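Subject: Structure for you to look at

Hi there,

Here is the structure I promised to pass on, with my notes on it underneath. Could you open it alongside this email and read the two together?

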Amino acid sequence: MTKGEIDRLGERISTSKVVSADDLNMLQEFRKSYSDALSHMFESIKEAAIKVDEKTIVTFRIKRIDTIVRKLQRFAGSKHGSMKLSRMWDIAGCRCILFNLIEDKIYRMADEISEIDGIDEKTEGNDYVLQAKPDGYRSYHMYVEHKDYKKPIEIQIRNKTMHTWATLVEIFDLLFGLGIKEGNKNNILQDFLLLYSRKDELSPLERERFIKIEQEKQIFKSICDAFAKNYAKVRQQWASRSQGANYLVIEAGKDYPTTINAFTNFNEAEDYYYTQYLENRPNTNIVLVYSAKSDFSQISFAYSSMVLSDENLPT
């Protein structure tokens, strides 16, 4: 697909109430065109991560179809104007979760990635570590492109504390149907999330507010109930997967247990993801991710908003 074809596809999607089958097929081919660049970058980042924190979890994903569609449609109605699909730099992304809590390690990781042979850093990093977003989100984002692939890749670098907070936002969206991550407003629960991001430094009045919201909304009870419902089934699915099946299609919902289907081949996993998306939209909550380590605790930590396992219950 040419740049013009990609942008015209984005324009059609952004103004469509129902995206046509032909446009969905084109969007799927566009997504898949990132696979080689993403796989190469993932392997390079794994090597860089060992130099900084050998416990670092590195995963990759291609942005979900429903998320791309909603983002295009959201920008079409914004004061900033429409977004060009060819300029959506987070179609493909890698995530680095450092277990070392020293924040300087995040910047060292960014430096190591910048030194990977053959890549060009497309922008200076968006530093939400030094300056958190107003909602409490913290992470370091950078965008790189390898000279042999010419595809932008978003890289998010965070430590495990920052990741737990970001995961909690996604769990809220799943269990309470909020859409906070995509810009929908819920003042009470957003207050809770902001307070949670500063939970170790709250004033007595803030702590009282935090506890009151938790008690009224029964937030952690809802999370615990969902985790308890999912745990046994998810562990069984994980144990029965084939050796080396590290491409994971995870499906999650508020009212049904999480399912994990594992594949050894990217194309098989991506085709299954697309089939499931078409069969279940618009109520789909499906993601395809890759992790090199066959470790359930790492997968459930990295994607606990989808796995819904008590391996990573926020505290």
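Asp 120 touches Tyr 143, Val 144 and Glu 145, once its neighbours within four places in sequence are left aside. Asp 120 itself belongs to strand E3, which covers residues 119-121. With a relative accessibility of 47%, Asp 120 is partly exposed. Glu 11 sits 109 residues away from Asp 120 along the chain, and the two C-alpha atoms are 28 Å apart. Please keep in mind throughout that this is a predicted model.

The other aspartate I looked at is Asp 7, in helix H1 (residues 3-14). Is Asp 7 buried or exposed? The relative accessibility of Asp 7 is 8%, and the cut-off for buried is under 20%, so Asp 7 counts as buried. Not counting residues up to four places away in sequence, Asp 7 is in contact with Lys 84, Leu 85 and Ser 86. With Leu 85 there is also a polar contact: the Asp 7 side chain comes to 3.4 Å from the backbone nitrogen of Leu 85. Phe 301, by contrast, is 294 residues from Asp 7 in sequence, and their C-alpha atoms are 36 Å apart.

Next, the helix packing, beginning with H1.

H1 and H2 cross at roughly 130°, and their axes come within 11 Å. That angle makes the two helices oblique to each other, and H1 passes H2 in a left-handed crossing. On the H1 side the residues that meet H2 are Ile 6, Leu 9, Arg 12 and Ile 13. They face Asp 23, Met 26, Leu 27 and Phe 30 of H2.

H2 (residues 21-32) has another partner in helix H10 (residues 266-280), where the axes come within 12 Å and cross at roughly 150°. How are H2 and H10 oriented to each other? Since angles over 145 degrees count as such, H2 is roughly antiparallel to H10. The contact uses Ala 21, Leu 24, Asn 25, Gln 28, Arg 31 and Lys 32 from H2. H10 contributes residues including Tyr 273, Tyr 274 and Tyr 277, along with Asn 267, Glu 270, Asp 271 and Leu 278. Here the crossing is right-handed.

A further pair is helix H3 (residues 35-52) with helix H5 (residues 104-114), packed at about 140° with axes 9 Å apart. H3 and H5 are therefore oblique, and their crossing is right-handed. From H3, Ile 45, Ala 48, Ala 49, Lys 51 and Val 52 take part. Their counterparts in H5 are Lys 105, Arg 108, Met 109, Glu 112 and Ile 113.

Now for the loops.

Two residues there have a positive phi without being glycine, and I would be glad if you looked at both. Lys 150 has a phi of about 55° and sits in the loop that joins strand E5 (140-146) to strand E6 (152-159). Lys 150 is exposed, at 56% relative accessible area. Gln 218 has a phi of about 50° and lies in the loop between helix H8 (204-217) and H9. Gln 218 is partly exposed, with a relative accessible area of 44%.

On the far side of H9 (219-240), Arg 241 is in the loop that leads to strand E7 (247-251). What does the side chain of Arg 241 reach? A polar atom of that side chain lies 3.0 Å from the backbone oxygen of Trp 238. Arg 241 has a relative accessible area of 18%, which means that it counts as buried.

Last, the cysteines.

How many disulfides does the structure hold? There are zero. For Cys 96, the nearest cysteine sulfur is that of Cys 94, 6.9 Å away. A disulfide needs the two sulfur atoms within 2.5 Å, so Cys 96 is in none. Cys 96 is buried, with a relative accessible area of 0%, whereas Cys 224 is partly exposed at 35%.

Do write back with any questions once you have been through it.

Best wishes

Conventions. Residues are numbered from 1 along each chain as its sequence is written. This is a predicted model: local features need pLDDT of at least 70, side-chain atom pairs count only at pLDDT 80 or more; totals for chains, interfaces and linings use all residues. Side-chain values use heavy atoms; hydrogens and water are left out. Buried means under 20% relative accessible area, exposed over 50%, partly exposed in between (1.4 Å probe, protein chains only). Helices (H or I, at least four residues) and strands (E, at least two) are DSSP runs, numbered from the N terminus. A polar contact is a pair of N or O atoms within 3.5 Å; within protein, one must be able to donate a hydrogen and the other to accept it, and residues adjacent in sequence count only if both atoms are side-chain atoms. Axes are lines fitted to C-alpha atoms, for helices over the stretch in contact, and angles run from 0 to 180 degrees between N-to-C directions. Angles under 35 degrees count as roughly parallel, over 145 as roughly antiparallel, 65 to 115 as roughly perpendicular and the rest as oblique. A crossing is left-handed if the near helix is turned anticlockwise from the far one by less than a right angle, and right-handed if clockwise. Contact means heavy atoms within 4.5 Å.
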